[in-house]
Structure formats: C-alpha cells, structure tokens
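This report is written for a reader who is meeting the structure for the first time. Please keep the sequence and the model in view while reading.

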Amino acid sequence: MTQADLSTHLDRDAAQQELFELLRIPSVSSDSTRRADMGRTAEYLRAKLATLGFSARVDQTPGHPVVYAERLDAPGQPTVLVYGHYDVQPEDPVEEWVSPPFEPEVREGRIYARGATDDKGQAYAHVRGAELLLSQGELPVNLKFLLEGEEEIGSPNLEPYLEAHREELACDVIVISDGSRFAKDVPTVTYGLRGIAYVEVRVQGASRDLHSGSYGGAAPNPINALCEIIAGLKDDQGRITVPGFYDSVVPLTEEEREMWAGLPHSDEQFAASIGATSLPGEEGYSTLERIWGRPTLDVNGIWGGFQGEGAKTVIAAKAGAKVSCRLVPGQDPADITRKLQEFIPTLAPQGVQVEVIDHHGGDPVKFDLSSPFIKAADRALARVYGKPAAFGRTGGSIPIVADFARILGAPVLLVDLGVNEDGLHSPNESFSQEDYFNGILTSAYLMQEIGGVQG
Ligand code: BES
Ligand code: MN
Ligand code: MN
C-alpha cells in the first residue's frame, strides 16, 4: 500500500469528532471533584478500543484508573506498546480562554481545548492509527495500549502497576507521543527527556502577622528571607550554587553540540515566540543546550503577605515558594532533592525557620540513536512529511519513561506529534488539525515500518 492509499482512507471527520468527545470530559487528575470524569474518560477509551477488536479493560488503582488493551494477532511480528495519558492539567486561568476549555472548537485550523495536544490528541492519534490500519487489513504488529490518568500528577501508581503487569506488558518497543516536535515543518525523533526534582520551601517568621510599624526593623520578615534564599540559589553566570549540583552531570559531547547547532533555530524567533525581549540563562551554552542538555532551577510559584487591593502595612508570618529543577543524564532526583534540603536552610537569614518539602521526582533519560526503532520512526516520518527527521532531545519530563526501560526492559521511542506553540499547560491549548491527521498517519506508518511490512 502506498502513502497516498492510507491517507485517502483516513476519515478525518470521524477522527476529529471522536477526539472532541474525549476532550469534552474534564479529566483533570489533580482535581478531586473530577474523579467521576476520570472514570468516564477511561471507559470511553476502553469502549473505543473494544470496538476495534482489542481486548480492553479499565484497571482500578489507588488513584485514577489505567486503560489497558491489546490485540495480539500478528504472530512472529514485533510487539509494540503505546503509552499515553488521558489526564490533563487544570484549565486555570479560565478567564484567559477564548473558548471554554472543555468545549472543543476549531479556529483557523486548530482544535482548541485542554488536553488537545497534551496528551489526548497525541494519544488518540495512535488509536485512530490502529483503526486506519484495521480498515485496510490486519495490524502489522502486535499492539498494546497503556493509557494512564495520573501523568500530570507524577504517575504515583504506575510504577507498581508496571511491576504487577510486567509479563502482560512485555514488548519489543514502547512508543510515546507526548511532547513537541522541534518545529512546525520539522518531523522529529526525540531521544532524551529531562528529569525533575520538585520541592516546596516554607519560611516561618513570627507566630502571627505583625503591624509593620510597630514591629518592622526588629521582627524577622519571612518574605525578605525567602527572597534572599532564592537569590542565593544562582550566581551571576546563571549557574546553580547548590553544592554538588553539577557533580554527576554527563557533559554534552562535541558531536551532540554540533548536531544541535546545525538545527534550524533562531534565538530572535524563539524569544519573539514567547514574547520575551532576551534569553537569560547559563553562560557558555546555547538556547537548545540550555533547554535540552543542562539542568535548571526555577521558582514555579511564590506566596506570602498581602496580595489584595491597595496597601496594607504588615509583616507576614509565613512565606513560601515552589521550586523545581530539571535534571539531565547522570543526575539523580533523590540526590538533588537531598542537596536542596541541606543547602536551602543554610541560605536563610537569622530569625526564620525553613522547611524544604519533597514533592515529586523523575529520572532523566537518553536513548541510543542507532536503535533500529529510531530508524523505523525516521522512515515513517519521511513518508508523512516528505523529509528526514531531526534528532533532538526535549526539556520536558515524563517520569515513567525511565521505569519503562528499567521494569519492562524495552527501548522507548518518542515520536512527538505536536509543537511547543500548541501551548501545553497554558490557556488556549490547541492542536493543529493537520498535526492530528499527520499524527494518525505517522502512527499507522510507524507500525508498518516496525513490522517490516509496508502494505
Ligand atoms: N507532555 C508533557 C511532557 C513534555 C512537555 C515533553 C513538553 C516534552 C515537551 C507531560 O505531560 C508533562 O507535563 N510532564 C510534566 C511532568 C511532571 C508532572 C512530573 C512536566 O514536564 O512538567
Ligand atoms: Mn503529557
Ligand atoms: Mn503535561
């Protein structure tokens, strides 16, 4: 079968309508009031996969359910496990959405809804990819789907699930589409993800809020203290000051730096695309190196004191911040968290108590570019986009990926179908219709290429 053949058989209207149904269910994993919606989303996916002839079920976990489905009717062929997540980030700030987050709408060729690209749209492209292949014959591989509902909260129950279902989940390769291509016109194979270590810093001063006239100058101020702490975490070259932070970082090779330098990237365009005037960062590294290959420390949230209208003269009793580090190969999230917990309190000025709480972590990963599956992905992408793929890493994290490699012992293939401009986690998240339809074709061709069967 030729490329034109499969593309002609793609039912774009049905593919879009079903994605809309999925996007209408507000499956926000962090929101306990939406528990029932999580179950409905899992059931929707199970039922769909069952109609495609998969043996499909919803498995309960202590948290949100896992959807597992398999269709193993290609004896002697490789087995592919597709992983995706049906949970989404919270929709806030809801007033910034042009159309409501859970009422999908197409504007100028883009599907707008929370989860459109992260990850319902990308995961569903694989479901429709299987449907497309089945509409023309048999699947070229044995296919398994593992769709979880807790990725956005750190996949707390998936590792034990993998352990418990190790044999059932056995496969030759794990395929994941849950990130961004390098650029709109560039098909991409992603061969690395950063890890993450996430802590919360809580600073306590006096036992109650105080009048800043009666006490100011004498009382400890936890907000000032927190600012000193944060300022002390980086030096003027953008390097993180936590002792030992870089000790185990695997340095970028010259080869990799050269490959990245050859990618079509412009700092000016990149800055413009986020509405920034310049790109501060660690000295001595390019933008792509900073995002893909270097660890970071960013404050993700900060609170304390008076936030209301007008002015209130008060010294707050408490302040706090959420701080996350993206990690690169060599670094261990537990080790970095320990180092943050040891160092941060030493930066505090007198008179405040500091607590550093561990939220969640995830290991970084980097894959071998010479794997035959990467070559299969390259060929599949060339069939869809008519050009060779770029090979890059990504700055985001999918913590379960390291567990896949470790527990299932299979290589992971990251074939990203969206782009950063889709606005993952932002208001007005979207997925271009073209990317969604190309994603369905990519999935179908990828299965053919992995199966060594090109129809
Ligand atoms: N799909 C993203 C990860 C991602 C984003 C990969 C951009 C590549 C490019 C995933 O859903 C996500 O948001 N992951 C979190 C992990 C966290 C909750 C542990 C992240 O990266 O912040
Ligand atoms: Mn995702
Ligand atoms: Mn996400």
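## The loop between β5 and α4

Asp119 is placed in the loop between β5 and α4. The peptide bond that joins Asp118 to Asp119 is cis, with omega at about -5°. This description rests on a predicted model. Asp118 has a relative accessibility of 5% and therefore counts as buried, the limit for that class being under 20%.

Asp118 also takes part in metal binding: it bridges the manganese ion (ligand 3) and the manganese ion (ligand 2), which lie 3.5 Å apart.

## The site of the manganese ion (ligand 2)

Which residues coordinate the manganese ion (ligand 2)? The donors are His85 through NE2, Asp118 through OD, and Asp178, which is listed twice through OD, at 1.9 to 2.6 Å. Along the chain, the donor residues follow the spacing H-x32-D-x59-D. Asp118 lies in the loop between β5 (110–112) and α4 (120–136), and Asp178 in the loop between β7 (173–176) and β8 (180–181), so this pair ties together parts that are 60 residues apart in sequence.

Why is the arrangement around the manganese ion (ligand 2) irregular? Its six donor atoms subtend angles of 55 to 166°, whereas an octahedral site would require opposite donors over 155 degrees apart and all other angles between 65 and 115. Asp178 counts as buried because its relative accessibility is 9%.

## The site of the manganese ion (ligand 3)

The manganese ion (ligand 3) is coordinated at 2.1 to 2.6 Å by Asp118 (OD), by Glu152, which is listed twice through OE, and by His425 (NE2). The site has six donor atoms with angles of 55 to 155° among them, and it is irregular. In sequence, its donor residues are spaced D-x33-E-x272-H. Glu152 lies in the loop between β6 (142–148) and α5 (158–164), while His425 lies in the loop between β19 (418–419) and β20 (430–432); the pair therefore ties together parts that are 273 residues apart in sequence.

Are Glu152 and His425 buried or exposed? Glu152, at 16% relative accessibility, counts as buried. His425, at 39%, counts as partly exposed.

## Helix α4 and its surroundings

Ala123 has its place in helix α4. With a relative accessible area of 10%, Ala123 is buried. Apart from neighbours within four places in sequence, Ala123 is in contact with Gly84, Leu147 and Ser177. The C-alpha atoms of Ala123 and Leu413 are separated by 14 Å, and these two residues are 290 residues apart along the chain.

Helix α4 also meets helix α3 (residues 35–51): their axes come within 11 Å and cross at roughly 15°. The two helices are therefore roughly parallel to each other, and their crossing is left-handed. On the α3 side, the residues that meet α4 are Thr41, Tyr44, Leu45, Lys48 and Leu49. Their counterparts in α4 are Lys120, Tyr124, Val127, Arg128 and Glu131.

## The packing of α11 and α13

Helix α11 (residues 372–385) and helix α13 (residues 433–451) pack at an angle of about 135°, and their axes are 8 Å apart. That angle makes α11 oblique to α13. The crossing of these two helices is right-handed. The contact involves several residues of α11, including Phe373, Ala376, Ala380 and Tyr385. From α13, the contributing residues include Leu441, Tyr445, Leu446 and Ile450.

## Further backbone features and Cys227

A cis peptide bond also joins Asp92 and Pro93, with omega at about 0°. Pro93 lies in the loop between β3 (79–85) and β4 (105–107).

Two residues other than glycine have a positive phi. For Glu108, in the loop between β4 and β5, phi is near 45°. For Ser155, in the loop between β6 and α5, phi is about 50°. Glu108 is exposed, with a relative accessible area of 84%, whereas Ser155 is buried, with a relative accessible area of 6%.

Cys227 lies in helix α6 (residues 222–231) and is partly exposed, with a relative accessible area of 44%. Cys227 and Gly320 are 93 residues apart along the chain, and their C-alpha atoms are separated by 9.9 Å.

Methods: Residues are numbered from 1 along each chain as its sequence is written. Chains are lettered from A and ligands numbered from 1 in the order in which they are written. This is a predicted model: local features need pLDDT of at least 70, side-chain atom pairs count only at pLDDT 80 or more; totals for chains, interfaces and linings use all residues. Side-chain values use heavy atoms; hydrogens and water are left out. Donors are N, O and S atoms within 2.8 Å of the metal (3.2 Å for Na, K and Ca); water is not among the atoms, so sites may look incomplete. Four donors count as tetrahedral if all angles lie between 85 and 135 degrees; four count as square planar and six as octahedral if opposite donors are over 155 degrees apart and all others between 65 and 115; anything else is irregular. Helices (H or I, at least four residues) and strands (E, at least two) are DSSP runs, numbered from the N terminus. Buried means under 20% relative accessible area, exposed over 50%, partly exposed in between (1.4 Å probe, protein chains only). Axes are lines fitted to C-alpha atoms, for helices over the stretch in contact, and angles run from 0 to 180 degrees between N-to-C directions. Angles under 35 degrees count as roughly parallel, over 145 as roughly antiparallel, 65 to 115 as roughly perpendicular and the rest as oblique. A crossing is left-handed if the near helix is turned anticlockwise from the far one by less than a right angle, and right-handed if clockwise. Contact means heavy atoms within 4.5 Å.
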